[in-house]
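Please look over the model shown here before reading on. The report below works through its sheet, its charged pairs and its ligand site.

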Amino acid sequence: MSSFKTLDDLGDVTGKVALVRVDLNLPMKDGSVTDDTRIRAAVPTIVDLTEKGAKVLLLAHFGRPKGERVSTMSLSMVVGAVEKVLGKEVMFVPEIAGPVVEQSVGILRAGDVAILENTRFWKGEEKNDPELAKAIAANADFYVNDAFSAAHRAHATTEGLAKLLPAYAGRSMETELTALDKALGNPVKPVAAVVGGAKVSSKLDVLKHLVTQVDHLIIGGGMANTFLAAKGVDVGKSLCEHDLTGTANEILAAADSSGCTVHLPYDVVVSKEFAANPPSLRTCNVHEVAADEMILDAGPAATEALGDVLKTCRTLVWNGPLGAFEMVPFDAATVALAKTAAALTIEGTLVSVAGGGDTVAALNHAGVAKDFSYISTAGGAFLEWMEGKELPGVAALLV
Ligand code: ADP
Ligand code: MG
């Protein structure tokens with residue numbers, strides 16, 4: 001990884017104005033914040049800067065207002081929640097550039113915090129309009145990006161500003177980039193990747209990239225069915241993208257020529273209906289799935305073998321559950337493999353990094369999220385990183 005500047009590289013910033021891009025796209029219900037995880041993620045950066053005496057202007061987007069002022073998407077709604085987490089008063093500024101921001105900066109004292117309005121109220125944000133970026137930058141001395149989750153977008157406040165002002169990675173960004181670098185950028189080998197979830201089509205680029213990067217690719221979930229079908233297995237009524245079996249074979253061939261071992265389940269848990277603890281539940285060899293059955297999880301023998309694979313590895317990157325984990329007992333393989341990964345991480349033999357909305361939910365369900373080396377909550381940005389893409393918001397920070 002090329003290097004980037006962090007808050008440790010800041011000189012004296014007393015009274016200086018920091019534009020800090022954070023993720024405040026918070027889950028809301030009836031006008032109040034239901035989960036403050038993203039606010040807490042921004043706290044180390046905000047506290048570091050306020051303790052250094054900077055005036056902190058938080059920049060963030062909320063929802064998809066598409067370049068219009070939409071009152072139900074104003075960031076004024078989150079001020080109370082941010083104040084509660086920070087334990088101090090936070091000013092709200094209903095603009096992101098111009099004289100209103102300039103006057104507010106004049107009122108703020110060293111160490112104060114303000115939230116600027118939803119950046120997506122301005123059309124120039126998503127267009128990465130240099131004029132908008134210039135107008136925002138005019139009121140500040142330096143820029144900090146602490147929103148990895150928005151770094152896959154080249155927008156004015158995620159990319160444009162980094163080119164106009166001295167730019168630094170915030171603490172969450174720094175932690176995320178360091179963890180991701182250990183997982184795929186510069187990992188200790190052997191490396192295993194688990195890719196599961198519903199569909200091959202949603203993760204084609206992830207699979208194509210990973211086969212060139214990792215020693216073991218464990219394919220699970222619905223996408224394993226497409227690979228099994230490609231190998232001539234009759235998967236019955238299982239979720240399966242039959243039109244992608246050709247692509248699956250190409251991926252298997254690419255893995256072969258890169259020396260990547262692909263692991264598919266050889267026993268599976270099946271049922272005739274998509275329900276919790278269905279009466280037709282049974283475990284069988286992949287070659288014994290009946291025409292009216294669905295594969296909903298990897299079987300116990302396969303899961304144990306996958307655990308043995310992890311025991312030979314030093315690094316794990318995981319996206320996507322191995323089964324339909326929302327329903328018992330189809331969470332069994334995911335929970336068991338997650339527990340193995342967690343135990344190896346605690347023992348110190350494995351660096352484990354996981355990401356993805358359902359993956360994080362599944363690891364929480366298994367009770368092991370806290371034991372993984374790093375859990376990314378970045379969603380789209382995490383997947384693009386797993387695809388090997390350069391993230392514009394990260395690239396703009398590199399020196
Ligand atoms: P993430 O959000 O972590 O990227 P995905 O959204 O790709 O993960 O996949 C999660 C979904 O995949 C879950 O809703 C899960 O029920 C589903 N899934 C996993 N295995 C199967 C299967 N065998 N059949 C149907 N759905 C599955
Ligand atoms: Mg999902």
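What follows is a short tour of a predicted model.

## The sheet

Six strands form an open sheet. Their order is S5-S6-S4-S1-S7-S8, and the pairing is parallel. Strand S5 (90–93) and strand S8 (167–169) stand at the edges, each with a single partner strand, so one side of each has no neighbour in the sheet. From one strand to the next, the twist averages 25°.

At one edge, S5 pairs with strand S6 (residues 113–116). That pairing is parallel and runs over four bridges. Within it, Val90 stands opposite Val113 in S6.

Two helices can be placed against these strands. Helix H2 (residues 79–86) lies across S5 and S6 and runs at about 155° to S5. Helix H6 (residues 156–164) packs on the sheet as well. H6 touches S1, strand S4 (55–59), strand S7 (142–145) and S8. The direction of H6 makes about 140° with that of S7.

## Thr158 in helix H6

Thr158 lies in helix H6. Is Thr158 buried or exposed? Its relative accessibility is 1%, so Thr158 counts as buried. The side chain of Thr158 makes polar contacts with backbone atoms. It reaches the backbone oxygen of Arg153 at 2.6 Å. A polar atom of the same side chain lies 2.9 Å from the backbone nitrogen of His155. Beyond its neighbours within four places in sequence, Thr158 is in contact with Arg21, Tyr143, Asn145, Ala150, Arg153 and Gly393.

## Salt bridges

Side chains of opposite charge can pair when their charged atoms come close. This structure holds 19 salt bridges. Three of them are tabulated here, with the closest N and O atoms.

| Acidic residue | Basic residue | N to O distance |
|---|---|---|
| Asp8 | Arg171 | 2.8 Å |
| Asp23 | Arg38 | 3.2 Å |
| Asp371 | Lys370 | 3.5 Å |

Take the pair of Asp8 and Arg171, which forms a salt bridge. Asp8 sits in the segment before strand S1 (17–21), and Arg171 sits in helix H7 (residues 171–185), so the pair ties together parts that are 163 residues apart in sequence. Asp8 is exposed, at 55% relative accessible area. Arg171 is buried, at 18%.

Asp23 and Arg38 form another salt bridge. Asp23 lies in the loop between S1 and strand S2 (28–29), while Arg38 belongs to helix H1 (residues 37–51), so this pair ties together parts that are 15 residues apart in sequence. Asp23 is buried, with a relative accessible area of 14%. Arg38 is partly exposed, at 30%.

Asp371 and Lys370 also meet through their side chains in a salt bridge. Asp371 counts as partly exposed at 21% relative accessibility. Lys370 counts as exposed at 67%.

Which residues are joined into one network by salt bridges that share partners? They are Asp8, Asp48, Lys52, Arg171 and Glu174.

Arg171 has further contacts to note. Leaving out residues up to four places away in sequence, Arg171 touches Thr6, Leu7, Asp8, Pro44, Thr45, Asp48, Lys52 and Asp146. Three of the network's names recur in this list: Asp8, Asp48 and Lys52.

## The ligand site

How many residues surround ligand 1? There are 17, and the closest are Gly197, Lys203, Glu326, Asp358 and Thr359.

Several backbone atoms come within reach of ligand polar atoms. A polar backbone atom of Gly222 is 3.3 Å from a nitrogen atom of ligand 1. A backbone N or O atom of Gly357 lies 3.4 Å from an oxygen atom of the ligand. For Asp358, a backbone N or O atom lies 2.9 Å from an oxygen atom of ligand 1.

## Met223

Met223 is found in helix H9 (residues 221–230). Met223 is buried, with a relative accessible area of 0%. Apart from neighbours within four places in sequence, Met223 is in contact with Val195, Gly196, Gly197, Ala198, Lys199, Val200, Lys203 and Leu207. Of these contacts, Gly197 and Lys203 are also listed among the closest residues to ligand 1. Met223 and Leu322 are 99 residues apart in sequence, yet their C-alpha atoms are 9.2 Å apart in space.

Methods: Residues are numbered from 1 along each chain as its sequence is written. Chains are lettered from A and ligands numbered from 1 in the order in which they are written. This is a predicted model: local features need pLDDT of at least 70, side-chain atom pairs count only at pLDDT 80 or more; totals for chains, interfaces and linings use all residues. Side-chain values use heavy atoms; hydrogens and water are left out. A salt bridge is a side-chain nitrogen of Lys or Arg within 4 Å of a carboxyl oxygen of Asp or Glu. Buried means under 20% relative accessible area, exposed over 50%, partly exposed in between (1.4 Å probe, protein chains only). Contact means heavy atoms within 4.5 Å. Two strands pair if DSSP finds at least two bridges between them. Axes are lines fitted to C-alpha atoms, for helices over the stretch in contact, and angles run from 0 to 180 degrees between N-to-C directions. A residue is near a molecule or strand if one of its heavy atoms lies within 4 Å of it. A polar contact is a pair of N or O atoms within 3.5 Å; within protein, one must be able to donate a hydrogen and the other to accept it, and residues adjacent in sequence count only if both atoms are side-chain atoms.
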